[in-house]
Amino acid sequence: MELKTALPLSQFILQQEDQHPEASGEFTDLLMEIALAAKMINRLVVRAGLVDIIGETGEENVHGERVQRLDRYAHETLHRLLGSTGQLAVLASEEDEGIVPVLQGRRQGNYVVNFDPLDGSSNIGANVNIGTIFSILPRITREGNGTMLDCLQPGQRQVAAGYVMYGSSTMLVYTTGSGVHGFTYEPSIGEFLLSEPNIRTPARGHIYSTNEGNYTFWSDEVRRYVDWLKSEDATNRHPYTGRYVGSLVADFHRNLLYGGIFLYPASRRTPNGKLRVLYEAAPLAFVAEQAGGAASDGLRRIMDIAPTSLHERTPLFLGSIKDVRECEEFLQGRHPALASPRSEPGGGG
Ligand code: AHG
Ligand code: MN
Ligand code: MN
């Protein structure tokens, strides 16, 4: 099967630079190092089970979650490669409680990277898609070591964001504010090749992605919305199809291409939601919006949230814009379907 003549990531980035002279080449280095880290992580992911990379380190991270060996490897690889570019003032990672200074003796740079080194790690052992999520911001402090302030910026300040999804084929999807572009890794030449230029997400999907095991902990408003999606109503193609992998990157990527809505609401178990603003919600919100979609916490645009702590969590409703807006109307009690007596939670919608 002949390979499609697809542009390598490095050439695509240079082309984009020519088209957007205001975009300095500085964060190009960062994107290329993220791509290199992705190749190194991918090498282990595709051999998980053969190389001794599955399983736990025996440590717990700041969230009290057991750290998988691949979490730690991905974190260290990204820290080392990004830290050596000389383009970074500071980093923040899901796997470290505080900010992560760039490597000793390295030149301080003008950018910040907040990242989730390995997303969906509970799925590693079962060979289910996992990913890496990254968010690139300009520093706001003037010089010297970057500080917490540089990391704690609202998502609308991002200059680039994206994710890598490790799976049957490994993809890198990112935006720098000029659309969303997808690259597929070709191991035989060790390159990410442009495979999905200018990704646009459908305005409405027919897929909803959520962990319904949390139904009993949800608010009545969330229950009413999900019950409504599951009700039988041909006029709006209900019931939607339920699809949930349990890796945010995989659930997001499928909905980005096919349309649909991903929901991780607040609940009695997770009063602020489960997913983190800086390195899960905000970067995927940037990608979603650049592809014509939307991202909300139920009341506010995710990209407007100014986080006050590195690991701050948020409820997350993410995907096709018409679905996210309808979800907001349910959560804010103003959707017309709420007038119908059938809309009581558990009432079959
Ligand atoms: P991480 O592995 O980085 O901690 O992320 C896991 C997240 C996310 O990938 C996914 O959407 C969510 O956890 C699944 O949570 P539940 O298992 O509670 O559904
Ligand atoms: Mn994650
Ligand atoms: Mn993670």
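## Asp 116 and the two manganese ions

In this predicted model, Asp 116 is buried, with a relative accessible area of 0%; buried means under 20% relative accessible area, exposed over 50%, and partly exposed in between, using a 1.4 Å probe and protein chains only. Asp 116 coordinates both the manganese ion (ligand 2) and the manganese ion (ligand 3), and these two ions are 3.7 Å apart.

Residues are numbered from 1 along each chain as its sequence is written, while chains are lettered from A and ligands numbered from 1 in the order in which they are written. Local features need pLDDT of at least 70, side-chain atom pairs count only at pLDDT 80 or more, and totals for chains, interfaces and linings use all residues, whereas side-chain values use heavy atoms, with hydrogens and water left out.

## The site of ligand 2

The manganese ion (ligand 2) has three protein donors, namely Asp 116 (OD), Asp 119 (OD) and Glu 280 (OE), at 2.0 to 2.1 Å. Donors are N, O and S atoms within 2.8 Å of the metal (3.2 Å for Na, K and Ca); water is not among the atoms, so sites may look incomplete. Along the chain, the donors of ligand 2 show the spacing D-x2-D-x160-E.

Asp 119 belongs to strand 4 (residues 111–119) and Glu 280 to helix 7 (residues 277–290), so this pair ties together parts that are 161 residues apart in sequence. Helices (H or I, at least four residues) and strands (E, at least two) are DSSP runs, numbered from the N terminus. Asp 119 and Glu 280 are both buried.

## The site of ligand 3

Coordination of the manganese ion (ligand 3) comes from Glu 94 (OE), Asp 116 (OD) and Leu 118 (O), at 2.0 to 2.2 Å. The spacing of these donor residues in sequence is E-x21-D-x1-L. Glu 94, in the loop between strand 3 (88–93) and strand 4, and Asp 116, in strand 4, link distant parts of the chain, 22 residues apart. Glu 94 counts as buried, at 4% relative accessibility.

## The surroundings of ligand 1

Around ligand 1 there are 18 residues, of which Asp 119, Gly 120, Tyr 244, Tyr 264 and Lys 274 come nearest; a residue is near a molecule or strand if one of its heavy atoms lies within 4 Å of it. Ligand 1 has oxygen atoms in polar contacts (pairs of N or O atoms within 3.5 Å; within protein, one must be able to donate a hydrogen and the other to accept it, and residues adjacent in sequence count only if both atoms are side-chain atoms). A side-chain N or O atom of Asp 119 is 2.7 Å from an oxygen atom of ligand 1. A polar backbone atom of Gly 120 is 2.7 Å from an oxygen atom of ligand 1, and a backbone N or O atom of Leu 118 lies 3.2 Å from an oxygen atom of this ligand.

Taken alone, ligand 1 exposes 470 Å², and the protein buries 85% of that; accessible areas come from the Shrake-Rupley method with a 1.4 Å probe, and for residues only the protein chains shown count as cover. Strand 4, strand 12 (261–264) and strand 13 (275–276) are the elements that give two or more residues to the shell around ligand 1. Strand 4 gives the most, with three residues.

## Gln 153 and its contacts

Gln 153 lies in the loop between helix 4 (148–151) and strand 6 (160–166). Gln 153 is buried, with a relative accessible area of 4%. A polar atom of its side chain lies 2.9 Å from the backbone oxygen of Pro 138, and the side chain of Gln 153 also reaches the backbone oxygen of Asp 150 at 2.7 Å.

## Backbone geometry in the loops

Most residues other than glycine have a negative phi, and most peptide bonds are trans. The peptide bond from His 238 to Pro 239 is cis, with omega near 5°. Pro 239 is placed in the loop between helix 5 (220–230) and strand 11 (241–242).

Arg 237 is also in the loop between helix 5 and strand 11. Arg 237 is not a glycine, yet it has a positive phi of about 50°; this residue is exposed, with a relative accessible area of 54%. Asn 198, in the loop between strand 9 (191–196) and strand 10 (207–209), has a positive phi near 50°.
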